[in-house]
Amino acid sequence: MAGSKRPDTSNVLTGETKKKLDAVFQPIALTDDVIKRIMAVYQEQMRLANSTDEKVRKTSDHLMMNTFIRELLDGTEQGVYLGLDLGGTNFRVVVVKFTDGVADTKTKYYRLPDAVLSGLSAGVFDFIAESIEDCLKLEGLSDSKEKIPLGFTFSFPSIQISLKKSTLVTWTKTFKCPDGVGEDSVAMLEAAIERKCPGLPVDIVVVMSDTVSTLMAGNYLDKRCRIGLILGTGSNAAFVENIEEIEKWTGDYQDPKHVIVNVECGSTGDNGCLDFCRSKYEKELDQHSNHPGSFTFEKSVAGLYLGELARLVLVQLVQEGVLFGGKQVDLVERRWALTASHITAIESDEGQTTTRTKKVLEEFGLDSIATDKDVAIVREVCDFMSRRAAHTIAAAMAVLVNHVGRPEVTIAIDGSLYERHPKYHDSMMEIFEKYSPNTKVTLILAKDGSGQGGAFAAVSALKQNAKGIRCA
Ligand code: BGC
């Protein structure tokens, strides 16, 4: 079986240190049994969320949201469309120009200031409106006579009410606005456009999760793509579901007989269903997170959290005197100081090489005290915690792959964690080879797919409206 490469620390770590590391890793290791239980739990949450009975649905911590999007691209697309991508600290405006189904894509990046992330939600939407205006100016589109159809990727748990109406359930990740919950994200954006740049030539025709737009972007690249996954600051997935399979479906049954479902699974475990495999590190991280007591699953797999999970393990090893001679180093004090970028750098050291790991340690002022043994321990911890996170998300995706039940399934992935981590791909593949044996699974990077796919979904929305397709 192909697998992700382990760091080679055999020249440095003695049997005794290895034993001490094993004592830390073993209680939180994802054995076959644990993986199978995670898969069973995930599948059960999907089943409950699919029920026609609202009371049953509420017992699930998946949303399994009907996105109303049924049309995938078919290669005949023409014209200009816009995509917006709001979900992490970078906001993107994407312009897609189609010629006979071929997309020419331009992306502009805007960084949301920290104050906006925790201020009133109007500030977030004003920032978006002004960024769209800026992008249209730069692209020479601000005087467009026709309104440009726009697909809005809004990556927070939302209740989808129609193609262009969805109400926010909660902010997640680094967003802490005190208001906005229960509001329609499209209405909030339209109001901001009216406030900040009235007359902007755009028409918001669809709102969706980044998982959905990533799926759309992935399906453009590879027609076998039926699943979209985000592995960035946060994590979540969407898949193409046959409408006959959806118990709670209330739309029509005309072609296309499928719809994209946004699983909205970052909150899996909030109801306690994953307690059997939650480590003490995950529990501690949760207490100090932006949104304690929620988004249990996301906190085990996503980029915002991976560094802190590894740091908490390192802290324990310092406290046990195994690492840095037990000295009270800066790293022990500073919650969230170790980030996914650091882990990615450390994991990029191959074999017995330690250059990047040492550079990270230097950043924390640890270069003068870190022995070769310390460097090796840090590498082992980052490797173990990365693999654990990658296996966890892959176990969930294996459930979706098996559910889709096709001989070949491509999963399109967007997000910096997957894009930059050198081993996530291979670690995830280890799980598919074992737990989705009947499907040839391919993972593709849909870079910036969450923005580009927003524009693609605008195409779908217009097609569906023209055909009178009813999704509820
Ligand atoms: C949000 C999802 C989103 C995911 C990835 C999560 O925190 O709840 O809606 O898809 O992040 O951005």
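Which loop holds F324? F324 is placed in the loop between α10 (303-319) and α11 (330-333). Helices (H or I, at least four residues) and strands (E, at least two) are DSSP runs, numbered from the N terminus.

The model is predicted: local features need pLDDT of at least 70, side-chain atom pairs count only at pLDDT 80 or more, and totals for chains, interfaces and linings use all residues. Residues are numbered from 1 along each chain as its sequence is written, and side-chain values use heavy atoms, with hydrogens and water left out.

**Exercise 1. Backbone**

Task: Describe the backbone at F324, at M64 and at the bond between D255 and P256.

Solution.

Step 1. Start from the general rule. Most residues other than glycine have a negative phi, and most peptide bonds are trans.

Step 2. Take F324. Although F324 is not a glycine, its phi is positive, about 50°. F324 counts as buried because its relative accessibility is 1%; buried means under 20% relative accessible area, exposed over 50%, and partly exposed in between (1.4 Å probe, protein chains only).

Step 3. Take M64. M64 is not a glycine either, and its phi is positive at about 45°. M64 sits in the loop between α3 and β1. With 7% relative accessibility, M64 is buried.

Step 4. Take the peptide bond. D255 and P256 are joined by a cis peptide bond, with omega of about -10°. P256 belongs to the loop between β10 and β11 (258-262).

**Exercise 2. An exposed or a buried proline**

Task: Is P27 buried or exposed?

Solution.

Step 1. Locate P27 in the loop between α1 (15-25) and α2 (32-49).

Step 2. Read its accessibility. P27 has 59% relative accessibility, so P27 counts as exposed.

Step 3. Add a distance. P27 and S4 are 23 residues apart along the chain, and their C-alpha atoms are separated by 22 Å.

**Exercise 3. The ligand**

Task: How many residues surround the ligand, and which are the closest?

Solution.

Step 1. Count the shell. The ligand is surrounded by 15 residues, and T172, K173, D210, E264 and E298 are the closest. A residue is near a molecule if one of its heavy atoms lies within 4 Å of it.

Step 2. Sort the shell by class. Four of its residues are nonpolar, seven polar and four charged. Ala, Val, Leu, Ile, Met, Phe, Trp, Tyr, Cys and Pro count as nonpolar, Asp, Glu, Lys and Arg as charged, and the others, Gly among them, as polar.

Step 3. List distances to oxygen atoms of the ligand. For a polar side-chain atom of D210 the distance is 2.6 Å. For an N or O atom in the side chain of T172 it is 2.8 Å. For a polar side-chain atom of N236 it is 3.1 Å.

Step 4. Find the cover. On its own the ligand has 310 Å² of accessible area, and the protein covers 98% of this. Accessible areas come from the Shrake-Rupley method with a 1.4 Å probe; for residues, only the protein chains shown count as cover.

Step 5. Name the elements. α7 (210-221) and β10 (235-242) are those that give two or more residues to the shell.

**Exercise 4. Empty space**

Task: Which residues line the largest cavity?

Solution.

Step 1. Fix the terms. On a 1 Å grid over the protein atoms alone, a cavity is a set of points where a 1.4 Å probe fits but cannot get out, and a pocket is an open set with protein on both sides within 12 Å along at least five of seven lines; lining residues have an atom within 4 Å of a point. Grid points are joined across faces, edges and corners, and a volume is the space filled by probe spheres set on the points.

Step 2. Count the cavities. There are six of 30 Å³ or more.

Step 3. Describe the largest cavity. Its volume is about 90 Å³. The lining consists of L30, I38, L274, C277, R278, E282, T296, F297, S300, R388 and T392. α9 (296-301) supplies the largest share, three residues.

Step 4. Describe the second largest cavity. It has a volume of about 70 Å³. Its lining has four nonpolar, six polar and no charged residues; M65 and N262 are among them.

Step 5. Turn to the second largest pocket. Its volume is about 640 Å³. Of its 25 lining residues, R57, L63, M65, I159 and K248 lie nearest its centre. α3 (54-58), β1 (65-66) and β6 (158-162) each give two or more residues to this lining, and α3 gives the most, with three.

How values were computed:
A polar contact is a pair of N or O atoms within 3.5 Å; within protein, one must be able to donate a hydrogen and the other to accept it, and residues adjacent in sequence count only if both atoms are side-chain atoms.
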